[in-house]
Amino acid sequence: MADDGVPGQLPVHGNPDVGSFDIVATYHRLLADDPGLTMPMATIEALIEALGASSATTVFETMKLVEAQAERLRGSPLVANPMAVLHGSRFFKQYLVRELRQIPSSGGAASSEEGSQNQQFEVIRQHLLRNGRLFATRAKDAREKIAAKGRYLIPDKSVILTHGGSRVVSTLLERAIERVNGDPPRRFKVIYAISESRQTESNAAVAALRAKGISVATISEGGVAHIMAKVSFVLAGAEVITAQGGIVSRLGTYQIAKIAKVDGKPFYVAAEQHKLGETFPVNQFSFKSGNYVHNLLDFRSCKTTDPGTTTPEAEYERQAKEVWAASPLDYTPPDLISSFICDHGIKSPVAMEHQAIDMFVG
């Protein structure tokens, strides 16, 4: 009986070896080696390295390998944002399926056609292994496209509020002060809301903007409502674009968006479209992926006691809570977002929702 791999395709013959490759360590190494790499792209590069370390030779062994390794990565307590891993792995699987569908049918017997598909898919696989950084390069090119489009949303002498250390936002702001093809530099100032939990990262982002000649003032995230009257618009990044056109991003993004909405200030999100996925949060406490459960509340009292024994499940939970607490996230719903600045243009939250439907339903 056919094994359920890709709907409508041929069955898996054999099981790829998935035990010897440490995809979690590979994922963290890739992020450490390239600070400009997004989590979805690090996921894809790690999966490509897994392909190189595997003995999988057929189409469906490859697809099964990708699924197994992606699940292993997403389920690790050492991964801060499993939703980004989920989006990256599904983006990669879509790429593989799309390439597979472009392989012409041989028109012969089923076994002959299957063999032909496997041989031609091996060409795709070898191309991925030789060009493992192709996706990351395209992702960085996407930032430049976003910067080129986003500069036209910056009014003259505007004041931009941002936070969160987004690489896309930094690229957009740095390119906006440059003259491009005769278009004069944009004149603006930046207010940077400093995150207490990520102060080192925030300070580095501010220093980089100032080094480019951009005037930057800083304020604590608790002072955002106080200065919002001085702001022309808010510019934020995102770790994940949700299926209904919202975002999952650094903790504090949601409250900034709510304040901007009350004060009538546009809230723009600069993000690559590869961050779009099937995650569908309903509220701040409903988005999860695998074992990841978003809950920052840890109620204690002086009578709270240590159970004294450690089970594997308890140790997993302890590690996961430490990692997740170090990179807290929140969900900003689409009704608080004015527009997305993406590599494919300026899009409304509704347009992003429709694109998600086209990608994952159509």
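## Strands and helices in a predicted model

Six bridges, counted as 6, join strand β1 to strand β2, and the two strands run parallel. Strand β2 covers residues 188-194. The model described here is a predicted one.

**Strand β1 and its partners**

Start with one residue pair. L161 of β1 has I191 of β2 as its bridge partner. A helix also belongs to this part of the chain. Helix α7, residues 167-176, makes a right-handed β-α-β unit together with β1 and β2.

Strand β1 has another partner, β4. Strand β4 spans residues 233-236 and pairs with β1 in the parallel sense, over 2 bridges. Here the bridge partner of I160 is F233 in β4.

Is β1 mostly covered or mostly open? Strand β1, residues 158-163, is mostly covered. Of its 6 residues, 6 are buried. The side chains point two ways. S158, I160 and T162 point one way from the strand. V159, L161 and H163 point the other way. Both sets are buried.

**Strand β11 and its partners**

Now move along the chain to β11, residues 339-342. Both faces of this strand are covered. S339 and I341 lie on one side, F340 and C342 on the other, and all four positions are buried.

Strand β11 pairs with β7, residues 267-270, in the parallel sense. That pairing has 3 bridges. A270 finds its bridge partner in I341 of β11.

Strand β11 also pairs with β12, residues 345-347, and this time the sense is antiparallel. Again there are 3 bridges. F340 stands opposite K347 of β12. How many residues does the hairpin from β11 to β12 pass through? The hairpin joins the two strands through 2 residues.

The strand pairings can be set side by side.

| Strands | Sense | Bridges | Citation |
|---|---|---|---|
| β1 and β2 | parallel | 6 bridges | |
| β1 and β4 | parallel | 2 bridges | |
| β7 and β11 | parallel | 3 bridges | |
| β11 and β12 | antiparallel | 3 bridges | |

**Helix α3 and its neighbours**

Helices pack against each other too. Helix α1, residues 23-33, and helix α3, residues 59-74, pack at an angle of about 70°. Their axes are 9 Å apart. An angle from 65 to 115 degrees counts as roughly perpendicular, so α1 is roughly perpendicular to α3. On the α1 side, I23, V24 and Y27 make the contact. On the α3 side, Q69, R72 and L73 do. By class, this contact has 4 nonpolar, 1 polar and 1 charged residues.

Helix α3 also meets helix α4, residues 82-101. The two axes come within 9 Å and cross at roughly 170°. Angles over 145 degrees count as roughly antiparallel, so α3 and α4 are roughly antiparallel to each other. From α3, the contact uses V59, M63, V66, E67, A70, L73 and R74. From α4, the residues include P82, V85, L86, F92 and L100. The contact of α3 with α4 has 12 nonpolar, 1 polar and 3 charged residues.

**A buried residue in a loop**

One loop residue completes the picture. Where does D34 lie? D34 lies in the loop between α1 and α2, and α2 is 39-52. Its relative accessibility is 11%. Buried means under 20%, so D34 counts as buried. Leaving aside residues up to four places away in sequence, D34 touches R133 and K140.

Notes. Residues numbered from 1 in each chain as written. Predicted model: local features only at pLDDT ≥ 70, side-chain atom pairs only at ≥ 80, totals over all residues. Heavy atoms only, no water. Buried < 20%, exposed > 50% of the residue type's maximum accessible area, 1.4 Å probe, protein only. Pairing = 2+ DSSP bridges. Right-handed = clockwise from strand over helix to strand, strands pointing away. Axes fitted to C-alpha atoms, helices over the stretch in contact; angles between N-to-C directions. Parallel < 35°, antiparallel > 145°, perpendicular 65-115°, else oblique. Contact = heavy atoms within 4.5 Å. Nonpolar A, V, L, I, M, F, W, Y, C, P; charged D, E, K, R; others polar.
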